[in-house]
Amino acid sequence: MPRYTVHVRGEWLAVPCQDAQLTVGWLGREAVRRYIKNKPDNGGFTSVDDAHFLVRRCKGLGLLDNEDRLEVALEDNEFVEVVIEGDAMSPDFIPSQPEGVYLYSKYREPEKYIELDGDSLTTEDLVNLGKGRYKIKLTPTAEKRVQKSREVIDSIIKEKTVVYGITTGFGKFARTVIPINKLQELQVNLVRSHSSGVGKPLSPERCRMLLALRINVLAKGYSGISLETLNQVIEMFNASCLPYVPEKGTVGASGDLAPLSHLALGLIGEGKMWSPKSGWADAKYVLEAHGLKPVILKPKEGLALINGTQMITSLGCEAVERASAIARQADIVAALTLEVLKGTTKAFDTDIHALRPHRGQIEVAFRFRSLLDSDHHPSEIAESHRFCDHVQDAYTLRCCPQVHGVVNDTIAFVKNIITTELNSATDNPMVFANREETISGGNFHGEYPAKALDYLAIGIHELAAISERRIERLCNPSLSELPAFLVAEGGLNSGFMIAHCTAAALVSENKALCHPSSVDSLSTSAATEDHVSMGGWAARKALRVIEHVEQVLAIELLAACQGIEFLRPLKTTTPLERVYDLVRSVVRPWIKDRFMAPDIEAAHRLLLEQKVWEVAAPYIEKYRMEHIPESRPLSPTAFSLQFLHKKSTKIPESEDL
């Protein structure tokens, strides 16, 4: 018998249908009837006939025709919403929001798997898991470790040993011994009571990352979870059944208790859950629609699911990967600006940087040399001012290797810490199967990722700070040979005037966001947990800083390309012309004023998708291969070519250079 899950005014109703020949209108009326039946005041209706409504899919939000037959219009177990005429739409609902369109229309169930063993997950892997590109399975070694760990827990329960979190309460109640017949209830109570977060939910991508990382930690075999339960959790991940996890509420010790509890709450079939098939709905209905059963927690398993630094670390992974991407592309954008402002390449000379051999500085200077005027690919713009009396440029151009360089080194340092954290056991207590005992410790404390992500925010911000100053130079005719605000008929047109103001506003906001959250600590749990990391906020604000950096550089990219329009017919180098062509494929030149926000968003999207890097990287690597003596080997962590290999980027033939 077909069954549909119907949302009416905030409530989810399971509506069975004995006859598939019935219509969408019947389904709407039956859902309203059931809704009225459950309300003491009949929900404000005198009868079902008083209700005028529309019916739409939860997936994709498409409206349905009330006269269509259910067997034609809907699939079995599909999720739909009945919208009562006259009900006000929430102001938070934006149907055209890009993230929503992506999540509903572009999700495809992955076919490939990543094997997790708790020891070898990378930041790139976790981001790809978040994007839904892979399913998960455990390695045989991980399965054995999990089973042996669980045997220790079963032995503790059988022998009635007093062990924290297994046969006792939590935090201040650690000395309260719990009767054997209450141990399962203890774990459920733990998850329910600790689900106390607030704020917007994590996006499905970020929730996938959080769930995948928790699975990886459990796969290490030090948590005491049963293999049966862990496999259930993996099945939910693979079906993309993702619990509602509010982004606020963790203090980063004892781990990320509130967000991980919300994660566990969905896994036991309570609270809200999202899937591509259902959208947001009650967790029990989402699991049932996917043929899955809620987890029934065994002793210690609630604690195993919620104790750790996975919220901080999973968001930190996204931050590190986005920071790496924008740092690479910042060099390309800055090189384009230097070319438009008719700067000199002398400051990037190999010998200068050999005297101050910071790895990041050397690499950034190398990238500038590979992109700017040289015998390899000459620039007509550079040739036009070759014999001018200009000696040196402003710091925002001349010192890019020094400023951008330390950002690269910062990212490498942070990535090392986050990668270690990805593959660390952060529970309490730890279950040591080889010693057949549990030991309480403090690996749940989030100080490592918290400090690292505060440092990342401070480091990456400088890319926006220096970019905003370059935008000023592009827009200010007293600092360049370009028209004011990069537009013809200034006065009638304002050009990039307010785009520069936007960049300045973002940079100013970043200055406040860069204040370290990890310098703060508030005692919690009746002074039992008397020092905490505040790492959750460190991770969230690092992502906000990075987004602002991306947006500022998007504005600079647009401004530099607009500046080239005033230097035509002269051309820049081949790689920078390719970058210009990329931008012009999504944003046309400014002839007169127009709505600018979509142009900034389009340029931001190019940077987010690393299109600018994809265009320029082959030229950089071609130059590298032909100048090996002046380019020392790069750190695998900091400047590996994994991105190029994964993208299978084709290096242009020599005649293209």
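A residue counts as buried when its relative accessible area is under 20%. In this predicted model, Gln361 has a relative accessible area of 3% and is therefore buried.

## Overall architecture

The protein chain contains 25 helices and 14 strands. Its C-alpha trace extends about 85 × 65 × 45 Å along the principal axes. The radius of gyration is 28 Å, which agrees with the value near 26 Å for a compact globule of 657 residues. Of the 657 residues, 55% are buried. Among contacts in the protein chain with a separation of 6 or more, 77% are between residues 24 or more positions apart.

The accessible surface of the protein chain is about 28800 Å², and carbon and sulfur atoms contribute 53% of that area. The charged side chains comprise 75 positive and 85 negative ones, and the centres of these two sets are 3 Å apart.

## The annotated N-terminal segment

An unreviewed UniProt entry carries the annotation "domain: Par3/HAL N-terminal" for residues 13–80. Over residues 13–80, helix accounts for 26% of the chain and strand for 19%. The end C-alpha atoms of this segment lie 10 Å apart.

Arg56 belongs to strand β3, which runs over residues 53–57. With a relative accessibility of 13%, Arg56 counts as buried. A separation of 5.7 Å is found between the C-alpha atoms of Arg56 and Val80, although their positions lie 24 residues apart along the chain.

A further link involves Ser278, which is located in the loop between β11 (272–275) and β12 (279–282). The relative accessible area of Ser278 is 1%, so this residue is buried. Its C-alpha atom is 6.0 Å from that of Lys59, with 219 residues separating Ser278 and Lys59 in sequence. Not counting residues up to four places away in sequence, Ser278 touches Cys58, Phe79 and Val286.

## Backbone features in loops

Most residues other than glycine have a negative phi, and most peptide bonds are trans. The table lists four departures from these tendencies in the present model.

| Site | Backbone feature | Value |
|---|---|---|
| Ala253 and Ser254 | cis peptide bond | omega about 5 degrees |
| Asn428 and Pro429 | cis peptide bond | omega about -5 degrees |
| Lys342 | positive phi | about 60 degrees |
| Gln610 | positive phi | near 60 degrees |

Where do these sites fall in the secondary structure? Ser254 is in the loop that connects β10 (246–248) with α9 (257–267). Pro429 occupies the loop between α17 (400–422) and β13 (430–432). Lys342 lies in the loop between α12 (310–340) and α13 (350–354). Gln610 is placed in the loop between α22 (597–608) and α23 (611–626). Gln610 is buried, because its relative accessible area is 16%.

## Two helical positions

Is Gln361 in contact with residues beyond its sequence neighbours, and which are they? Leaving aside neighbours within four places in sequence, Gln361 is in contact with His353, Arg356, Pro401, Gln402 and Gly405. Gln361 itself is found in helix α14, which covers residues 359–371. At a relative accessible area of 3%, Gln361 is buried.

Ile458 is found in helix α18, formed by residues 447–475. Partly exposed residues are those with a relative accessible area between the limits of 20% and 50%. Ile458, with a relative accessible area of 40%, is therefore partly exposed. Its contacts, leaving aside neighbours within four places in sequence, are with Cys514 and Pro516. The C-alpha atoms of Ile458 and Ala542 are separated by 8.5 Å, and the two residues are 84 residues apart along the chain.

Key. Residues are numbered from 1 along each chain as its sequence is written. This is a predicted model: local features need pLDDT of at least 70, side-chain atom pairs count only at pLDDT 80 or more; totals for chains, interfaces and linings use all residues. Side-chain values use heavy atoms; hydrogens and water are left out. UniProt positions are given in the numbering used here, feature names are shortened, and annotations may be inferred rather than shown by experiment. Helices (H or I, at least four residues) and strands (E, at least two) are DSSP runs, numbered from the N terminus. The radius of gyration is taken over C-alpha atoms; the globule rule is 2.2 Å times the number of residues to the power 0.38. Buried means under 20% relative accessible area, exposed over 50%, partly exposed in between (1.4 Å probe, protein chains only). Contact means heavy atoms within 4.5 Å. Accessible areas come from the Shrake-Rupley method with a 1.4 Å probe; for residues, only the protein chains shown count as cover. Lys and Arg count as positive and Asp and Glu as negative; His and the chain ends are not counted. The place of a charge is taken as NZ of Lys, CZ of Arg, CG of Asp or CD of Glu.
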